[in-house]
Amino acid sequence: MFILQKHVSVVSGCGFEMEEKKMKRLLAIVLVLAMALSLCACGGGASASKEKVIKIGVFEPSSGDSASGGKKEILGMQYANSQVPEIELNGETYKIELVYGDNGSSTDKAPSAASSLVSAGVSVVLGSYGSGVSMAGGPKFEEAGIPAIGVTCTNPNVTAGNSYYFRICFLDNFQADVLANFAMDKFDAKVAYCLGESGNEYDQGLIAFFKQVFEAAGGTVITDSFPNGNSDFNSYLNKAKSEGADVIFTPVSIAYAVQIIKQAASLGIEAPFLGSDTLDDNMVLEAIAGTPLQLYVSTFYQEGGAAEFDAGIKEYINTNSEALAANGGNDTISAVTAMGYDAYFVALEAMKKADSGDKAALMQILPSVTYTGVSGAIAFDEVGDAVRDTAYIKTADTASGTWMLETVQTGSGN
(Lines give C-alpha, C1' and ligand atoms only; values in the text may rest on other atoms or scores of the structure.)
Protein backbone atom coordinates (compact mmCIF):
# COMPACT_ATOMS: atom_id res chain seq x y z
CA MET A 1 0.00 0.00 0.00
CA PHE A 2 2.78 2.43 0.91
CA ILE A 3 4.55 1.73 -2.39
CA LEU A 4 1.31 2.21 -4.32
CA GLN A 5 0.53 5.52 -2.62
CA LYS A 6 4.06 6.75 -3.24
CA HIS A 7 3.77 5.79 -6.90
CA VAL A 8 0.42 7.58 -7.23
CA SER A 9 1.92 10.67 -5.65
CA VAL A 10 4.75 10.69 -8.14
CA VAL A 11 2.38 10.22 -11.07
CA SER A 12 0.18 13.06 -9.80
CA GLY A 13 3.22 15.27 -9.56
CA CYS A 14 3.88 14.67 -13.20
CA GLY A 15 0.50 16.06 -14.05
CA PHE A 16 -1.20 12.76 -14.71
CA GLU A 17 -4.09 11.73 -12.40
CA MET A 18 -5.81 8.38 -12.26
CA GLU A 19 -9.52 8.28 -12.53
CA GLU A 20 -11.23 7.58 -9.20
CA LYS A 21 -12.86 4.38 -10.47
CA LYS A 22 -9.56 2.93 -11.70
CA MET A 23 -7.94 3.83 -8.40
CA LYS A 24 -10.55 1.93 -6.37
CA ARG A 25 -10.32 -1.10 -8.67
CA LEU A 26 -6.53 -1.19 -8.32
CA LEU A 27 -6.76 -0.94 -4.54
CA ALA A 28 -9.27 -3.78 -4.45
CA ILE A 29 -6.97 -6.00 -6.54
CA VAL A 30 -4.04 -5.25 -4.23
CA LEU A 31 -6.11 -6.14 -1.15
CA VAL A 32 -7.29 -9.41 -2.68
CA LEU A 33 -3.72 -10.35 -3.59
CA ALA A 34 -2.52 -9.49 -0.09
CA MET A 35 -5.19 -11.71 1.46
CA ALA A 36 -4.32 -14.55 -0.89
CA LEU A 37 -0.64 -14.31 -0.04
CA SER A 38 -1.49 -14.29 3.66
CA LEU A 39 -3.55 -17.48 3.34
CA CYS A 40 -0.78 -19.20 1.41
CA ALA A 41 1.78 -18.26 4.05
CA CYS A 42 -0.21 -19.84 6.89
CA GLY A 43 -1.68 -22.69 4.88
CA GLY A 44 0.79 -25.23 6.32
CA GLY A 45 -0.03 -24.21 9.89
CA ALA A 46 -3.75 -24.42 9.26
CA SER A 47 -3.35 -27.93 7.93
CA ALA A 48 -1.15 -28.96 10.85
CA SER A 49 -3.61 -27.56 13.37
CA LYS A 50 -6.15 -30.16 12.22
CA GLU A 51 -4.07 -32.85 13.95
CA LYS A 52 -5.54 -33.43 17.37
CA VAL A 53 -2.98 -33.94 20.14
CA ILE A 54 -3.13 -35.07 23.76
CA LYS A 55 -0.02 -34.26 25.77
CA ILE A 56 1.35 -36.52 28.50
CA GLY A 57 3.84 -34.90 30.83
CA VAL A 58 7.01 -36.83 31.64
CA PHE A 59 8.18 -35.58 35.04
CA GLU A 60 11.53 -37.32 35.43
CA PRO A 61 15.20 -36.65 36.24
CA SER A 62 17.34 -36.54 33.10
CA SER A 63 20.16 -34.92 35.07
CA GLY A 64 21.50 -35.12 38.61
CA ASP A 65 22.17 -38.10 40.87
CA SER A 66 19.04 -40.00 39.81
CA ALA A 67 19.44 -39.42 36.07
CA SER A 68 20.35 -43.05 35.38
CA GLY A 69 17.08 -44.28 36.89
CA GLY A 70 15.05 -41.45 35.38
CA LYS A 71 16.32 -42.13 31.87
CA LYS A 72 15.48 -45.82 32.18
CA GLU A 73 11.98 -44.99 33.40
CA ILE A 74 11.51 -42.58 30.47
CA LEU A 75 12.74 -45.32 28.15
CA GLY A 76 9.74 -47.47 29.06
CA MET A 77 7.35 -44.61 28.28
CA GLN A 78 9.05 -43.88 24.97
CA TYR A 79 8.90 -47.53 23.93
CA ALA A 80 5.20 -47.66 24.84
CA ASN A 81 4.58 -44.46 22.86
CA SER A 82 6.38 -45.93 19.84
CA GLN A 83 4.04 -48.92 20.00
CA VAL A 84 0.82 -46.96 20.51
CA PRO A 85 1.31 -43.34 19.41
CA GLU A 86 -2.38 -42.62 18.82
CA ILE A 87 -5.72 -43.17 20.51
CA GLU A 88 -9.34 -43.13 19.32
CA LEU A 89 -11.63 -41.05 21.52
CA ASN A 90 -15.22 -40.09 20.84
CA GLY A 91 -14.85 -41.05 17.19
CA GLU A 92 -11.69 -39.01 16.60
CA THR A 93 -8.00 -39.88 16.40
CA TYR A 94 -5.56 -38.13 18.73
CA LYS A 95 -1.78 -38.20 18.61
CA ILE A 96 -0.16 -38.86 21.99
CA GLU A 97 2.75 -36.48 22.54
CA LEU A 98 5.26 -36.89 25.36
CA VAL A 99 6.35 -33.57 26.90
CA TYR A 100 9.44 -33.64 29.09
CA GLY A 101 10.16 -31.81 32.33
CA ASP A 102 13.60 -32.56 33.82
CA ASN A 103 13.35 -32.21 37.61
CA GLY A 104 17.12 -32.54 37.90
CA SER A 105 16.91 -35.11 40.75
CA SER A 106 16.46 -32.06 42.98
CA THR A 107 13.61 -30.93 45.22
CA ASP A 108 14.70 -27.35 44.45
CA LYS A 109 14.31 -27.81 40.69
CA ALA A 110 11.21 -30.03 40.79
CA PRO A 111 8.58 -27.25 41.20
CA SER A 112 9.78 -25.34 38.14
CA ALA A 113 9.92 -28.55 36.08
CA ALA A 114 6.37 -29.31 37.18
CA SER A 115 5.28 -25.77 36.27
CA SER A 116 6.77 -26.16 32.79
CA LEU A 117 4.56 -29.19 32.19
CA VAL A 118 1.52 -27.30 33.43
CA SER A 119 2.33 -24.44 31.04
CA ALA A 120 2.72 -26.92 28.18
CA GLY A 121 -0.90 -27.97 28.64
CA VAL A 122 -0.44 -31.62 29.54
CA SER A 123 -3.53 -33.63 30.46
CA VAL A 124 -1.83 -36.13 32.76
CA VAL A 125 1.68 -36.54 34.21
CA LEU A 126 3.85 -39.65 34.59
CA GLY A 127 6.63 -39.78 37.20
CA SER A 128 8.82 -39.32 38.96
CA TYR A 129 11.71 -41.60 39.67
CA GLY A 130 12.46 -40.33 43.17
CA SER A 131 9.95 -39.68 45.92
CA GLY A 132 11.42 -36.36 47.07
CA VAL A 133 11.01 -34.68 43.69
CA SER A 134 7.51 -36.13 43.37
CA MET A 135 6.53 -34.56 46.66
CA ALA A 136 8.14 -31.25 45.67
CA GLY A 137 6.41 -31.07 42.29
CA GLY A 138 3.08 -32.58 43.32
CA PRO A 139 1.45 -29.36 44.58
CA LYS A 140 1.94 -27.74 41.15
CA PHE A 141 -0.08 -30.49 39.50
CA GLU A 142 -2.72 -30.29 42.20
CA GLU A 143 -3.09 -26.52 41.77
CA ALA A 144 -3.50 -26.96 38.01
CA GLY A 145 -6.00 -29.81 38.37
CA ILE A 146 -3.75 -32.25 36.48
CA PRO A 147 -3.64 -35.88 37.68
CA ALA A 148 -0.19 -37.41 38.12
CA ILE A 149 0.62 -41.12 38.01
CA GLY A 150 3.70 -41.97 40.05
CA VAL A 151 5.76 -44.76 38.52
CA THR A 152 8.33 -45.79 41.14
CA CYS A 153 8.03 -43.05 43.81
CA THR A 154 7.51 -45.33 46.81
CA ASN A 155 7.40 -42.94 49.81
CA PRO A 156 3.88 -42.88 51.37
CA ASN A 157 3.97 -39.06 51.55
CA VAL A 158 3.78 -38.72 47.75
CA THR A 159 0.02 -39.29 47.77
CA ALA A 160 -0.69 -38.24 51.36
CA GLY A 161 -2.65 -34.99 51.26
CA ASN A 162 -2.56 -34.78 47.45
CA SER A 163 -5.66 -36.26 45.85
CA TYR A 164 -4.25 -35.60 42.36
CA TYR A 165 -1.30 -37.97 42.80
CA PHE A 166 -1.72 -41.68 42.09
CA ARG A 167 0.98 -44.36 41.73
CA ILE A 168 1.41 -47.85 40.31
CA CYS A 169 4.30 -49.01 42.55
CA PHE A 170 4.35 -50.57 46.00
CA LEU A 171 5.11 -48.35 49.01
CA ASP A 172 8.22 -48.12 51.19
CA ASN A 173 6.56 -49.55 54.29
CA PHE A 174 5.70 -52.66 52.26
CA GLN A 175 9.17 -52.77 50.65
CA ALA A 176 10.93 -52.42 54.01
CA ASP A 177 8.73 -55.13 55.49
CA VAL A 178 9.67 -57.46 52.63
CA LEU A 179 13.41 -56.78 53.04
CA ALA A 180 13.43 -57.04 56.83
CA ASN A 181 11.64 -60.39 56.70
CA PHE A 182 13.93 -61.58 53.91
CA ALA A 183 17.02 -60.69 56.00
CA MET A 184 15.74 -62.74 58.92
CA ASP A 185 14.53 -65.66 56.80
CA LYS A 186 17.53 -65.90 54.44
CA PHE A 187 20.41 -65.01 56.78
CA ASP A 188 18.94 -65.48 60.24
CA ALA A 189 20.03 -61.87 60.75
CA LYS A 190 20.07 -60.49 64.28
CA VAL A 191 21.98 -57.23 63.72
CA ALA A 192 21.31 -54.87 60.80
CA TYR A 193 23.33 -51.79 59.88
CA CYS A 194 21.34 -49.14 57.99
CA LEU A 195 22.97 -46.30 56.06
CA GLY A 196 21.24 -43.46 54.23
CA GLU A 197 21.68 -39.86 53.14
CA SER A 198 20.85 -37.26 55.77
CA GLY A 199 17.65 -35.36 55.01
CA ASN A 200 16.65 -37.65 52.14
CA GLU A 201 13.00 -38.57 52.70
CA TYR A 202 13.26 -41.71 50.60
CA ASP A 203 16.34 -43.09 52.39
CA GLN A 204 15.25 -42.13 55.87
CA GLY A 205 11.68 -43.29 55.41
CA LEU A 206 12.79 -46.75 54.30
CA ILE A 207 15.27 -47.05 57.14
CA ALA A 208 12.59 -46.08 59.67
CA PHE A 209 10.18 -48.70 58.33
CA PHE A 210 12.91 -51.37 58.18
CA LYS A 211 13.96 -50.59 61.76
CA GLN A 212 10.40 -50.87 62.99
CA VAL A 213 9.87 -54.33 61.47
CA PHE A 214 13.32 -55.70 62.30
CA GLU A 215 13.26 -54.59 65.94
CA ALA A 216 9.69 -55.82 66.40
CA ALA A 217 10.99 -59.26 65.48
CA GLY A 218 13.70 -59.02 68.15
CA GLY A 219 16.59 -57.76 66.02
CA THR A 220 19.05 -54.91 66.66
CA VAL A 221 19.34 -52.00 64.22
CA ILE A 222 22.28 -49.57 64.01
CA THR A 223 21.63 -46.48 61.89
CA ASP A 224 23.92 -43.87 60.38
CA SER A 225 23.43 -40.95 58.00
CA PHE A 226 25.98 -39.36 55.69
CA PRO A 227 25.88 -35.75 54.45
CA ASN A 228 24.79 -34.78 50.96
CA GLY A 229 27.68 -35.00 48.50
CA ASN A 230 29.65 -37.45 50.61
CA SER A 231 32.10 -39.66 48.72
CA ASP A 232 34.08 -41.45 51.46
CA PHE A 233 32.12 -44.30 53.07
CA ASN A 234 35.03 -46.18 54.65
CA SER A 235 34.26 -45.11 58.23
CA TYR A 236 30.62 -46.15 57.91
CA LEU A 237 31.45 -49.51 56.37
CA ASN A 238 34.14 -50.21 58.98
CA LYS A 239 31.61 -49.43 61.71
CA ALA A 240 29.17 -51.93 60.22
CA LYS A 241 31.98 -54.49 60.22
CA SER A 242 33.11 -53.78 63.78
CA GLU A 243 29.54 -53.84 65.11
CA GLY A 244 29.09 -57.34 63.71
CA ALA A 245 26.28 -56.48 61.30
CA ASP A 246 24.68 -59.55 59.74
CA VAL A 247 23.24 -57.43 56.90
CA ILE A 248 23.83 -53.90 55.61
CA PHE A 249 20.75 -52.04 54.37
CA THR A 250 21.55 -49.14 52.01
CA PRO A 251 18.42 -47.64 50.36
CA VAL A 252 20.39 -44.91 48.59
CA SER A 253 20.61 -43.34 45.13
CA ILE A 254 22.38 -45.11 42.26
CA ALA A 255 25.35 -42.73 42.45
CA TYR A 256 25.91 -43.35 46.17
CA ALA A 257 25.30 -47.09 45.82
CA VAL A 258 28.06 -47.40 43.22
CA GLN A 259 30.54 -45.67 45.53
CA ILE A 260 29.51 -47.72 48.56
CA ILE A 261 29.79 -51.01 46.67
CA LYS A 262 33.24 -50.19 45.28
CA GLN A 263 34.59 -49.13 48.68
CA ALA A 264 33.04 -52.12 50.45
CA ALA A 265 34.80 -54.47 48.04
CA SER A 266 38.18 -52.97 48.96
CA LEU A 267 37.45 -53.35 52.69
CA GLY A 268 36.58 -57.02 52.52
CA ILE A 269 33.03 -56.62 53.80
CA GLU A 270 31.41 -60.04 54.19
CA ALA A 271 27.91 -59.06 55.34
CA PRO A 272 25.37 -59.18 52.49
CA PHE A 273 23.99 -55.86 51.25
CA LEU A 274 20.27 -55.27 51.02
CA GLY A 275 19.06 -52.58 48.64
CA SER A 276 15.74 -50.99 47.79
CA ASP A 277 14.38 -50.55 44.26
CA THR A 278 16.89 -47.76 43.46
CA LEU A 279 19.75 -50.26 43.47
CA ASP A 280 18.08 -52.29 40.73
CA ASP A 281 20.25 -50.63 38.10
CA ASN A 282 22.91 -51.88 35.71
CA MET A 283 25.38 -49.24 36.95
CA VAL A 284 25.20 -50.90 40.38
CA LEU A 285 25.48 -54.29 38.69
CA GLU A 286 28.66 -53.17 36.92
CA ALA A 287 30.13 -51.85 40.18
CA ILE A 288 29.69 -55.16 41.98
CA ALA A 289 30.79 -57.38 39.08
CA GLY A 290 33.87 -59.44 39.87
CA THR A 291 33.73 -58.73 43.62
CA PRO A 292 33.00 -61.23 46.42
CA LEU A 293 30.16 -59.02 47.71
CA GLN A 294 26.56 -60.16 48.00
CA LEU A 295 23.70 -57.84 47.01
CA TYR A 296 19.96 -58.44 47.17
CA VAL A 297 17.44 -55.83 46.02
CA SER A 298 13.67 -55.52 46.15
CA THR A 299 12.12 -54.42 42.91
CA PHE A 300 9.03 -54.32 40.66
CA TYR A 301 9.93 -56.59 37.77
CA GLN A 302 12.42 -59.27 36.80
CA GLU A 303 13.53 -59.87 33.23
CA GLY A 304 11.76 -62.96 31.96
CA GLY A 305 8.41 -61.99 33.46
CA ALA A 306 6.85 -60.97 30.14
CA ALA A 307 8.54 -62.54 27.12
CA GLU A 308 6.91 -60.34 24.45
CA PHE A 309 7.78 -57.15 26.31
CA ASP A 310 11.34 -58.33 26.96
CA ALA A 311 11.96 -59.11 23.30
CA GLY A 312 10.38 -55.87 22.13
CA ILE A 313 12.22 -53.52 24.49
CA LYS A 314 15.55 -55.24 23.80
CA GLU A 315 15.08 -54.75 20.06
CA TYR A 316 14.08 -51.13 20.65
CA ILE A 317 17.21 -50.53 22.76
CA ASN A 318 19.58 -52.29 20.38
CA THR A 319 18.32 -50.50 17.27
CA ASN A 320 18.23 -47.02 18.79
CA SER A 321 21.54 -45.44 19.82
CA GLU A 322 19.84 -42.92 22.13
CA ALA A 323 17.87 -45.66 23.85
CA LEU A 324 21.02 -47.76 24.24
CA ALA A 325 22.85 -44.83 25.84
CA ALA A 326 19.90 -44.12 28.16
CA ASN A 327 19.98 -47.75 29.26
CA GLY A 328 23.66 -47.57 30.21
CA GLY A 329 25.11 -49.09 27.06
CA ASN A 330 23.56 -52.56 27.27
CA ASP A 331 20.13 -54.17 26.94
CA THR A 332 19.63 -55.34 30.53
CA ILE A 333 15.99 -54.58 31.33
CA SER A 334 15.50 -52.43 34.40
CA ALA A 335 12.36 -52.84 36.48
CA VAL A 336 11.74 -49.09 36.25
CA THR A 337 11.62 -49.38 32.46
CA ALA A 338 8.84 -51.96 32.75
CA MET A 339 7.05 -49.67 35.19
CA GLY A 340 7.37 -46.65 32.88
CA TYR A 341 5.89 -48.79 30.10
CA ASP A 342 2.95 -49.80 32.29
CA ALA A 343 2.34 -46.24 33.49
CA TYR A 344 1.90 -45.03 29.90
CA PHE A 345 -0.78 -47.63 29.25
CA VAL A 346 -2.53 -46.88 32.53
CA ALA A 347 -2.84 -43.28 31.30
CA LEU A 348 -4.24 -44.51 27.97
CA GLU A 349 -6.63 -46.82 29.77
CA ALA A 350 -7.96 -43.82 31.71
CA MET A 351 -8.46 -41.91 28.44
CA LYS A 352 -10.36 -44.83 26.92
CA LYS A 353 -12.57 -45.22 29.96
CA ALA A 354 -13.28 -41.47 30.10
CA ASP A 355 -13.52 -41.31 26.28
CA SER A 356 -11.62 -38.07 26.69
CA GLY A 357 -8.16 -36.58 27.06
CA ASP A 358 -9.41 -33.75 29.26
CA LYS A 359 -7.55 -33.46 32.57
CA ALA A 360 -10.74 -33.13 34.62
CA ALA A 361 -12.30 -36.17 32.99
CA LEU A 362 -9.13 -38.19 33.57
CA MET A 363 -8.99 -37.12 37.21
CA GLN A 364 -12.56 -38.25 37.71
CA ILE A 365 -12.07 -41.66 36.11
CA LEU A 366 -8.57 -42.60 37.37
CA PRO A 367 -9.62 -44.00 40.78
CA SER A 368 -11.65 -46.72 39.04
CA VAL A 369 -9.07 -47.62 36.39
CA THR A 370 -7.63 -51.13 36.41
CA TYR A 371 -4.99 -52.48 34.07
CA THR A 372 -2.93 -55.65 33.76
CA GLY A 373 0.57 -54.70 32.71
CA VAL A 374 3.89 -56.47 32.30
CA SER A 375 4.60 -55.79 35.99
CA GLY A 376 1.27 -57.28 37.11
CA ALA A 377 -2.26 -56.19 37.92
CA ILE A 378 -2.68 -52.48 38.65
CA ALA A 379 -5.52 -50.88 40.63
CA PHE A 380 -5.80 -47.94 43.02
CA ASP A 381 -7.03 -47.76 46.60
CA GLU A 382 -8.96 -44.87 48.14
CA VAL A 383 -5.75 -42.83 48.59
CA GLY A 384 -4.58 -43.36 45.02
CA ASP A 385 -1.88 -45.87 45.98
CA ALA A 386 -1.37 -49.08 44.06
CA VAL A 387 -2.95 -52.26 45.32
CA ARG A 388 0.23 -54.35 45.27
CA ASP A 389 1.10 -57.32 47.47
CA THR A 390 4.20 -58.74 45.81
CA ALA A 391 7.84 -57.73 45.36
CA TYR A 392 10.63 -59.39 43.41
CA ILE A 393 13.88 -59.92 45.25
CA LYS A 394 16.84 -60.49 43.00
CA THR A 395 20.53 -60.90 43.57
CA ALA A 396 23.56 -59.75 41.64
CA ASP A 397 25.44 -62.59 39.98
CA THR A 398 28.89 -61.04 40.19
CA ALA A 399 30.44 -63.63 37.89
CA SER A 400 28.07 -63.15 34.94
CA GLY A 401 27.20 -59.53 35.63
CA THR A 402 23.46 -60.20 35.59
CA TRP A 403 20.52 -60.13 37.97
CA MET A 404 19.16 -63.47 39.14
CA LEU A 405 15.71 -63.89 40.65
CA GLU A 406 16.05 -64.94 44.28
CA THR A 407 12.41 -65.08 45.31
CA VAL A 408 9.01 -63.47 44.95
CA GLN A 409 7.96 -62.34 48.39
CA THR A 410 5.09 -60.64 50.17
CA GLY A 411 5.21 -58.27 53.09
CA SER A 412 4.49 -61.10 55.50
CA GLY A 413 7.73 -62.81 54.54
CA ASN A 414 6.09 -65.63 52.63
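I took two rings of Phe, Tyr or Trp (its six-membered ring) as a pair if their centres lie within 6.5 Å. The model I consulted is predicted, and every value below is computed from it.

**Entry 1. Aromatic pairs**

By this rule I counted 23 aromatic pairs. I then looked up the pair of Y79 and F309, whose centres are 6.2 Å apart and whose planes meet at 55°. I recorded this pair as tilted, because planes over 60 degrees apart would be needed for edge-to-face and planes under 30 degrees apart for stacked.

Where do Y79 and F309 lie? I found Y79 in helix α4 (residues 67–83) and F309 in helix α12 (residues 307–318). The pair therefore ties together parts that are 230 residues apart in sequence.

I also checked whether the two residues are buried or exposed. Y79 has a relative accessibility of 7% and counts as buried. F309 counts as buried as well, at 4%. The cut-off I applied for buried is under 20% relative accessible area.

I next followed the ring pairs outward from Y79 and F309. Ring pairs link these two with Y301, Y316, Y341, Y344, F345 and Y371 into a cluster.

**Entry 2. The open sheet**

I traced an open sheet of 6 strands, in the order β2-β3-β1-β4-β5-β6. Its pairing is mixed. Which strands stand at the edges? I noted β2 and β6 (165–167) there, each with a single partner strand, so one side of each is left without a neighbour in the sheet. The twist averages 35° from one strand to the next.

At the β2 edge I examined the pairing with β3: the two strands run antiparallel and are joined by 4 bridges. Within this pairing, I87 stands opposite Y94 in β3.

**Entry 3. Backbone features in loops**

I stayed with β2 and β3 and looked at the loop between them, β2 being 86–89 and β3 being 92–102. N90 lies in this loop. N90 is not a glycine, yet its phi is positive, at about 50°. I recorded N90 as exposed, since its relative accessible area is 61% and the cut-off for exposed is over 50%.

I looked up D188 in the same way. D188 is placed in the loop between α7 (172–187) and β7 (191–197). The phi of D188 is positive and near 50°, again in a residue other than glycine. With a relative accessibility of 52%, D188 counts as exposed.

Which residues does a cis peptide bond join? I found it between G127 and S128, with omega about 15°. S128 belongs to the loop that runs between β4 (124–126) and α6 (131–144).

**Entry 4. A110 and M135**

I located A110 in helix α5 (residues 110–119). The relative accessible area of A110 is 0%, so I entered A110 as buried. I then looked up the separation of A110 from M135: the two are 25 residues apart in sequence, and their C-alpha atoms are 8.8 Å apart in space.

**Entry 5. Strand β14 and its partners**

How many of the 7 residues of strand β14 (residues 391–397) are buried? I found 5 of them buried, so the strand is largely enclosed by the rest of the structure.

I looked up the pairing of β14 with two strands. With strand β11 (residues 295–299), β14 pairs in the antiparallel sense over 4 bridges. One bridge here sets S298 against I393 in β14. With strand β15 (residues 402–409), β14 also runs antiparallel, and 7 bridges join the two. Among the bridge partners, Q409 in β15 is matched with A391.

β14 and β15 form a hairpin with 4 residues between the strands. In this hairpin I noted that G401 takes a positive phi near 70°.

**Entry 6. Cavity**

I searched for enclosed space and found 1 cavity of 30 Å³ or more. The volume of the largest cavity is about 30 Å³. Which residues line the largest cavity? I listed K72, D280, D281, N282, T332, I333, S334 and W403. By class, I entered 2 nonpolar, 3 polar and 3 charged residues in this lining.

Notes
Residues are numbered from 1 along each chain as its sequence is written. This is a predicted model: local features need pLDDT of at least 70, side-chain atom pairs count only at pLDDT 80 or more; totals for chains, interfaces and linings use all residues. Side-chain values use heavy atoms; hydrogens and water are left out. Buried means under 20% relative accessible area, exposed over 50%, partly exposed in between (1.4 Å probe, protein chains only). Two strands pair if DSSP finds at least two bridges between them. Axes are lines fitted to C-alpha atoms, for helices over the stretch in contact, and angles run from 0 to 180 degrees between N-to-C directions. On a 1 Å grid over the protein atoms alone, a cavity is a set of points where a 1.4 Å probe fits but cannot get out, and a pocket is an open set with protein on both sides within 12 Å along at least five of seven lines; lining residues have an atom within 4 Å of a point. Grid points are joined across faces, edges and corners, and a volume is the space filled by probe spheres set on the points. Ala, Val, Leu, Ile, Met, Phe, Trp, Tyr, Cys and Pro count as nonpolar, Asp, Glu, Lys and Arg as charged, and the others, Gly among them, as polar.
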